[in-house]
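These are my notebook entries on one protein model, written down in the order in which I looked things up. I begin with a single loop residue and work outward from there.

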Amino acid sequence: MSKNKNLDFSEFAWYHRLSAAMLWGICRIVSIMPRWFRYRVLAPFVVGILRLVRYRSVVIQTNLRNSFPEMSQRRRDEIMRGFYKTLAEIIVNTISLAGIRPGHDDGVLVWEGRDEHFAEVHGRDWVALATHYGCWEYLPLWGWQDPDCHFVTVYHPLKNKAFEILYRRLRKFSDNVYTIPMADAVRHYVRNRREGLGIAMGLVSDQSPNLRADTEWYDFLNQKTAFIDGGERLAMRFHLPVYYVDVWRTAPGRYRAGFVKLYDGVESVAEGEITRRYAAALEATIRREPELWMWSHKRWKHTPEKQALRFGGVKKEE
């Protein structure tokens, strides 16, 4: 097993490490505050700031209008206000991870069908496709459910080095949880896979990918949409089962999550089918409670038309 470098920050300059240490100290202070203060005082305060500055309001309204043309403007405004509340809670949730530890997690995440899923994946390699819905930072907590599992959180490194250090530290729930840059994900898997270990590759796949000549397009929320397909490529190459992580908010800072199998690792499927199933599952989740999705992302900055202009044609539309 390769060394877990989640907490090895020697690659960063001293001033980045110092800034990160100060941020960590702030997070620790917030994490030990009473729950009622964090969610009845701090979170509403953050909501107020977001609404005051109208954080990415143009992006949010554009995304909502294009995704839900059938909705009234009043309903879209309600979703936007609900999203600000969700985002404020996610900020508090993430900061509070500085104080989380096994046996003292305050019940932040309950796993639906935990025993059934554990029996199905224990000792096996599998792919978990998550989303920016609810508090996605909680999802690596599955590592506590299966201590023998090598849980890999695949992520995009942050440009801000202090926050890169901070997020690595916040995600370090236990020794079996690893944060690996997306560019290194396949190499990490190949280097560490061995029978009986059980590697879970967790990817948040609803971001806008880099535009390529072979980018595939899927019908999603009334728009042609591209998805990060690293999870599908990994699953098809190594015959790994793929699960969609569905999430429900139960209270401020608390969620339920469950796994929905999208691919069993054996079925013969066409290229793009796993991603298509993921997109359909995600859309159903979003339509159930749209306030919980990350509407502030520039999710549709790429289009088939832009692809055609750049590369001279579109490979295929789904």
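**Entry 1: Met 182.** I looked up Met 182 in this predicted model and found a relative accessible area of 27%, so I record Met 182 as partly exposed, since that class lies between the 20% limit for buried and the 50% limit for exposed. Met 182 sits in the loop that links β4 (177-181) to α8 (185-192). Leaving out residues up to four places away in sequence, I list Val 154, Tyr 155, His 156 and Ile 228 as what Met 182 touches. I also noted the pair Met 182 and Leu 203, which are 21 residues apart in sequence, with 8.7 Å between their C-alpha atoms.

**Entry 2: the whole chain.** Next I stepped back to the protein as a whole, where I count 11 helices and 9 strands. The radius of gyration is 20 Å, close to the 20 Å from the globule rule for 318 residues, so I can call the protein as compact as a globular protein of that length. The C-alpha trace spans about 55 × 55 × 40 Å along the principal axes. Of the 318 residues, 51% are buried, and among contacts between residues at least 6 apart in sequence, 79% join residues at least 24 apart.

**Entry 3: surface and charge.** For the surface I wrote down an exposed area of about 15,400 Å², of which carbon and sulfur atoms supply 55%. I then looked up the charged side chains, which come to 48 positive and 37 negative, with 7 Å between the centres of the two sets.

**Entry 4: the core.** Which residues have the most contacts inside the largest nonpolar core? They are Met 201 and Trp 295, in a core of 86 residues. Helix α4 (residues 73-96) gives the most to this core, with 8 residues. As background I keep in mind that nonpolar side chains tend to be buried together in soluble globular proteins.

**Entry 5: around Trp 295.** I followed Trp 295 further and, setting aside residues up to four places away in sequence, found that Trp 295 touches a set of residues including Val 59, Ile 60, Asn 63, Leu 64 and Ser 67. Those five are also among the buried residues of helix α3 (residues 57-67), and Ser 57 and Gln 61 belong to that buried group as well. The cover over the buried residues of α3 includes α4, β7 (223-225) and α10 (273-288). Other contacts of Trp 295 include Ile 79, Phe 83, Leu 221, Ile 286 and Pro 290.

**Entry 6: Thr 86.** Is Thr 86 buried or exposed? Thr 86, which lies in helix α4, has a relative accessibility of 6%, so I count this residue as buried, the limit being under 20%. Beyond its neighbours within four places in sequence, Thr 86 is in contact with Glu 291 and Leu 292.

**Entry 7: two positive phi values.** Most residues other than glycine have a negative phi, and I therefore checked for exceptions. Leu 221, which is not a glycine, has a positive phi near 50°; Leu 221 lies in the loop between β6 (218-220) and β7 and is buried, at a relative accessible area of 0%. Asp 106, also not a glycine, has a positive phi of about 60°; Asp 106 belongs to the loop between α4 and β1 (109-111) and is partly exposed at 37% relative accessibility.

**Entry 8: Gly 107.** Gly 107 is placed in the loop between α4 and β1, where I find a relative accessible area of 34%, which makes Gly 107 partly exposed. Gly 107 and Gly 253 are 146 residues apart along the chain, yet their C-alpha atoms are separated by 9.2 Å.

**Entry 9: Pro 69.** Where does Pro 69 lie? I found Pro 69 in the loop between α3 and α4, exposed at 52% relative accessibility. Apart from residues up to four places away in sequence, Pro 69 touches Arg 76 and Asn 222. My last distance takes me back to Leu 221, which lies 9.7 Å from Pro 69, C-alpha to C-alpha, with 152 residues of separation in sequence.

Key. Residues numbered from 1 in each chain as written. Predicted model: local features only at pLDDT ≥ 70, side-chain atom pairs only at ≥ 80, totals over all residues. Heavy atoms only, no water. Helix = DSSP H or I, 4+ residues; strand = E, 2+ residues; numbered from the N terminus. Rg over C-alpha atoms; globule rule 2.2 N^0.38 Å. Buried < 20%, exposed > 50% of the residue type's maximum accessible area, 1.4 Å probe, protein only. Contact = heavy atoms within 4.5 Å. Areas by Shrake-Rupley, 256 points an atom, 1.4 Å probe, with all protein chains shown as cover. Lys, Arg positive; Asp, Glu negative; His and termini not counted. Charge placed at Lys NZ, Arg CZ, Asp CG, Glu CD. Core = buried A, V, L, I, M, F, W, Y, C linked by side-chain atoms within 4.5 Å.
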